[in-house]
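Subject: Structure for your review

Dear colleague,

Please find below the structure that I am handing over to you. My findings follow it.

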Amino acid sequence: MKDFVKIRHVNDHFVKIKCRNCGNEQLVFARISSQVTCNICGSTIAKPTGGLLAAAGDLVGGGKDEKPA
Ligand SMILES: [Zn+2]
């Protein structure tokens with residue numbers, strides 16, 4: 001079960017999301033129009049919400065809503 005966290009603010013056009021499944025860190029466009037899957041394991045790591053994305057992994061860069069791992 002994955003929790004998607006809606007990102008409210010980004011510092012850049014991209015955010016880096018760490019996949020919870022395999023640990024891959026992937027750069028994702030902050031305003032996506034379709035789901036983004038991990039390049040390594042295929043898990044969904046971000047989905048569109050109508051504005052900024054919602055991330056299923058930990059933000060490791062680019063976002064202001066970063067939380068400690
Ligand atoms: Zn992965």
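Leaving aside its neighbours within four places in sequence, with which residues is Cys-19 in contact? Before the answer, please note that this is a predicted model. With those neighbours left aside, the contacts of Cys-19 are Asn-24, Cys-38, Cys-41, Ser-43 and Ile-45. Two of these partners, Cys-38 and Cys-41, are also protein donors of the zinc ion, together with Cys-19 itself.

The zinc site

The zinc ion has as its protein donors the SG atoms of Cys-19, Cys-22, Cys-38 and Cys-41, which lie 2.3 Å from it. The arrangement is tetrahedral, because the four donor atoms subtend angles of 103 to 117 degrees around the zinc ion. Along the sequence, the spacing of the donor residues reads C-x2-C-x15-C-x2-C. Cys-19 is placed in the loop between β2 and β3 (25–29), and Cys-41 in the loop between β4 (36–37) and β5 (44–47), so this pair ties together parts that are 22 residues apart in sequence.

Is Cys-19 buried or exposed? Its relative accessibility is 4%, and Cys-19 therefore counts as buried. Cys-38 likewise counts as buried, at 4% relative accessibility. Cys-41, by contrast, is partly exposed, since its relative accessible area is 32%. Apart from neighbours within four places in sequence, Cys-41 is in contact with Cys-19, Asn-21 and Cys-22. A search of the whole structure for disulfides finds zero.

What the record says

The UniProt entry, which is unreviewed, carries a "binding site" annotation that covers Cys-19, Cys-22, Cys-38 and Cys-41. These residues are spread over 23 residues of sequence, yet they cluster in space, with a largest C-alpha distance of 8.7 Å. The computed donors of the zinc ion are Cys-19, Cys-22, Cys-38 and Cys-41, and the annotation names these four residues as well.

The unreviewed entry also annotates residues 19–41 as "zinc finger region: C4-type". In the model, the C-alpha atoms at the ends of residues 19–41 lie 9 Å apart. This span is 30% strand and 0% helix.

The chain as a whole

How many helices and strands does the protein chain have? The secondary structure comes to seven strands and zero helices, and the pattern along the sequence is β-β-β-β-β-β-β. Of the 69 residues in the protein chain, 35% are buried. The accessible surface of the protein chain is about 4,400 Å², and carbon and sulfur atoms account for 46% of this surface.

Contacts across the sequence also deserve a remark. Among contacts between residues at least 6 apart in sequence, 46% join residues at least 24 apart. Val-15 and Leu-53 provide a separate illustration of distance in sequence and in space: they are 38 residues apart in sequence, while their C-alpha atoms are 9.4 Å apart. Val-15 is located in strand β2 (residues 14–18). With a relative accessibility of 1%, Val-15 counts as buried.

To return to the opening question, Cys-19 has Cys-38 and Cys-41 among its contacts, and the contacts of Cys-41 include Cys-19 and Cys-22.

With kind regards

Technical notes:
Residues numbered from 1 in each chain as written. Predicted model: local features only at pLDDT ≥ 70, side-chain atom pairs only at ≥ 80, totals over all residues. Heavy atoms only, no water. Helix = DSSP H or I, 4+ residues; strand = E, 2+ residues; numbered from the N terminus. Buried < 20%, exposed > 50% of the residue type's maximum accessible area, 1.4 Å probe, protein only. Donors = N, O, S within 2.8 Å, 3.2 Å for Na, K, Ca; no water. Tetrahedral: all angles 85-135°; square planar, octahedral: opposite > 155°, others 65-115°. Contact = heavy atoms within 4.5 Å. Areas by Shrake-Rupley, 256 points an atom, 1.4 Å probe, with all protein chains shown as cover. Disulfide = S-S within 2.5 Å. UniProt positions renumbered as here; feature names shortened; annotations may be inferred.
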